[in-house]
Amino acid sequence: MFSLRPITARVMQRLSADGFWRGAETVECDAAGRVERAPPLFLPGELERIVAHYPGVSPRDDLDRLLHHDRVEPATEARIVRDVVIADGTLMRRGGVTVLRSDRKRAVLRGTIATVNEAMLCTDWVIERYFGHWVADGWSREQLAIDRGIVPGVLDPQRFGHGGGYRTLIGLPAVALADTLVRRLWMVDDRGYNPGRMARYRRVRARLRAAVRGGGPARVFIRRGAQAAGRQLLNEEAIIAALAARGFAIVAPEEETAEQIAATLRDARIVVGVEGSALAHANAVLGDGACVFAIQSPTSFNSIHRLATADAGLRFAFAVGEPGVAEGFTMPVERLSEAIDMVEEVLR
């Protein structure tokens, strides 16, 4: 145990974000490498329907991520910092601080806390916020920690509603580092979808596929759910009715367990849903060569699933809807059906 002198919120505010990295050691975990990707599938004219891209993402970067066929992805690197206190979603060390979650900060930290000699922090600000990034990014980081014989640490192993169920299925029992002093903390930059990262993620996916029964439907629509923020598909019920008539099964993640969702999706050849974290359920378990089809908001287009699906050995398709009211949009049923026909022809 470690005796923690009182650290006040005012002291935290005086600490520098840049100072957090002072004296850090850098280690390359996976080398950079060229990656070839199958082209995205979409009807002519879809790109012209884009009104705006996801906030904070430049149109140029978003379209490059979507349309490139091969490129060199950067290495996975870790920076090792010493004597880091983790509490209230915040990492503190002498001279520096970095915030991963905007949790309520206690005015004073005092008393004794646990000490871990060495751990890898397998989360970041984005992973803490989005279930889709936990699946696409967090799983491969936790596998990296296991491969290197380092404690795989997170802020909260039960961060997401389906988190515990998936952890049981894929064998990733992360360690909670809340109120913990870590003597050597590995901080991973795993944003490059390099070959090593892809291999790690596919190993986790293989464990999930082996853990659930197959024999489910070939076509699935995933509902976005009431907990999703923005990008509301205003004519979702009409879309569901049309797809159900085509033989699509309908999955509502908020009403099912991780095991039930994974079993339904396991052997599907095409999974359709609004762009967002719900599609990560498909990225996690579909078989090689299956397709994730994203219905895109015209005012918040986001191509992140292009990389996530490629990382998993899947195809990616999309169709862009029509602007609606507020953050909502509609997807013309006829155009969606035409796009699905095109995708299924390619997959034959």
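The exercises below, each with a worked solution, concern a predicted model of a protein.

Residues are numbered from 1 along each chain as its sequence is written. Because the model is predicted, local features need pLDDT of at least 70 and side-chain atom pairs count only at pLDDT 80 or more, while totals for chains, interfaces and linings use all residues, and side-chain values use heavy atoms, with hydrogens and water left out.

**Exercise 1.** Work out which radius of gyration a compact globule of 348 residues would have, and set the protein's own value beside it.

*Solution.* Begin with the rule, in which the radius, taken over C-alpha atoms, is 2.2 Å times the number of residues to the power 0.38. For 348 residues this gives a value near 20 Å, and the protein, at 21 Å, agrees with it. Next, take the outline along the principal axes, where the C-alpha atoms fill a box of roughly 65 × 40 × 40 Å. Finally, consider the contacts (heavy atoms within 4.5 Å): among those between residues at least 6 apart in sequence, 78% join residues at least 24 apart.

**Exercise 2.** Decide whether glycine 56 is buried or exposed, and locate it in the chain.

*Solution.* The classes come first: buried means under 20% relative accessible area, exposed means over 50%, and partly exposed lies in between, with a 1.4 Å probe and protein chains only. Glycine 56 has 89% relative accessibility and therefore counts as exposed. Its position is the loop between strand 3 (33-36) and helix 2 (59-67), where helices (H or I, at least four residues) and strands (E, at least two) are DSSP runs numbered from the N terminus. For the protein as a whole, 52% of the 348 residues count as buried.

**Exercise 3.** Determine how the buried residues of helix 8 are arranged around its axis, and what covers them.

*Solution.* First list the buried residues of helix 8 (residues 258-265), which are Ala258, Ile261, Ala262, Thr264 and Leu265. Seen down the helix axis, these residues fall within an arc of 160°, so they line one face of helix 8; the arc is that of the directions from the axis to the C-beta atoms. The general background is that an α-helix has 3.6 residues a turn, so residues three or four places apart point the same way. The cover over the buried residues of helix 8 includes helix 5 (163-170), helix 6 (195-211) and strand 14 (270-274).

Then examine one member of the set, alanine 258, which is buried with a relative accessible area of 4%. Leaving aside residues up to four places away in sequence, alanine 258 touches His162, Gly165, Tyr166 and Leu169. The C-alpha atoms of alanine 258 and histidine 162 are separated by 5.5 Å, although the two residues are 96 apart along the chain.
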